[in-house]
Amino acid sequence: MKKFIFFCCFFVALNATEKKPFIGLASSAMSKPLAQQLGINSNYGVIIQHVLKGSPAEKAGLKPFDVILKINDHRIISDVPLAKVIKLFQVGDEVQVLII
């Protein structure tokens, strides 16, 4: 089952002048054995391991074991590209997340 979730990216202040988008989750790359174990027919995506309390991800309803396939039109292949895709957005942007 696929569904779309909308949420806003917020920021983490690394210092007084730097702000970055933040969704508030920990993830790992989807492997073929893990996909088979979870009964998922996908060779890409990241699996959510943890969602931070009060984060945009929690407010959007994301949960551990959800699999993120896309953010807007960007296919998510591993957890490193997930971080890169998030950096493409500005603080306050709404994004569309495709999960299964």
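Helices (H or I, at least four residues) and strands (E, at least two) are DSSP runs, numbered from the N terminus. With that rule, the protein chain has 3 helices and 8 strands. The model is predicted: local features need pLDDT of at least 70, side-chain atom pairs count only at pLDDT 80 or more, and totals for chains, interfaces and linings use all residues. Residues are numbered from 1 along each chain as its sequence is written, and side-chain values use heavy atoms, with hydrogens and water left out.

**Whole chain**

Start with the protein chain coloured by secondary structure. From the N terminus on, the order of elements is β-β-β-β-α-β-α-β-β-α-β. Switch to a surface: the accessible surface comes to about 6,200 Å², and 55% of it belongs to carbon and sulfur atoms. Areas come from the Shrake-Rupley method with a 1.4 Å probe; for residues, only the protein chains shown count as cover. Buried means under 20% relative accessible area, exposed over 50%, and partly exposed in between (1.4 Å probe, protein chains only). Buried residues make up 39% of the 100 residues in the protein chain.

Contact means heavy atoms within 4.5 Å. Among contacts between residues at least 6 apart in sequence, 58% join residues at least 24 apart.

**Strands 4, 5 and 6**

Select residues 25-29, which form strand 4, and residues 46-51, which form strand 5. These two strands run antiparallel and are joined by 5 bridges. Two strands pair if DSSP finds at least two bridges between them. Leucine 25 has valine 51 in strand 5 as its bridge partner.

Now add residues 67-71, strand 6, which pairs with strand 5 in the antiparallel sense over 2 bridges. Here valine 46 has isoleucine 68 in strand 6 as its bridge partner.

**The nonpolar cores**

A nonpolar core is a set of buried Ala, Val, Leu, Ile, Met, Phe, Trp, Tyr and Cys residues joined through side-chain atoms within 4.5 Å. Select Leu25, Ile68, Ile71, Ile76 and Leu82: of the 17 residues in the largest nonpolar core, these touch the most other members. Strand 5, strand 6, helix 3 (79-86) and strand 8 (94-99) each supply at least two residues of this core. Apart from this core lies another, of 8 residues, among them Met30, Tyr44, Ile47 and Leu98.

Which residues does leucine 25 touch, not counting those up to four places away in sequence? They are Ile48, His50, Val51, Ala57, Leu62, Ile68 and Leu82.

Move to valine 97, in strand 8. Valine 97 counts as buried because its relative accessibility is 1%. Its C-alpha is separated by 7.6 Å from that of leucine 69, and the two residues are 28 apart along the chain.

**A charge over a ring**

Select tyrosine 44 and arginine 75. The charged end of arginine 75 sits over the ring of tyrosine 44, 3.9 Å from the ring centre. The criterion is NZ of Lys or CZ of Arg within 6 Å of the ring centre and within 35 degrees of the ring normal.

**Loop between strand 5 and helix 2**

Leucine 52 lies in the loop between strand 5 and helix 2. With a relative accessible area of 37%, leucine 52 is partly exposed. Beyond residues up to four places away in sequence, leucine 52 touches Phe22, Gly24 and Glu58. Measure C-alpha to C-alpha from leucine 52 to isoleucine 23: the two are 8.8 Å apart in space and 29 residues apart in sequence.

Glycine 54 is found in the loop between strand 5 and helix 2, and counts as partly exposed at 45% relative accessibility. Glycine 54 and glycine 24 are 30 residues apart in sequence, with 8.4 Å between their C-alpha atoms.

**Loop between helix 2 and strand 6**

Phenylalanine 65 lies in the loop between helix 2 and strand 6. Is phenylalanine 65 buried or exposed? It is exposed, with a relative accessible area of 60%. Phenylalanine 65 is not a glycine, yet has a positive phi of about 80°.

Next, select aspartate 66, in the loop between helix 2 (56-59) and strand 6. Aspartate 66 is buried, since its relative accessible area is 13%. Leaving aside neighbours within four places in sequence, aspartate 66 is in contact with Val46, Ile47, Ile48, Gly61, Ile99 and Ile100.

**Last stop**

End at asparagine 72, in the loop between strand 6 and strand 7 (74-75). Asparagine 72 has a phi near 50°, a positive value in a residue other than glycine. At 28% relative accessibility, asparagine 72 counts as partly exposed.
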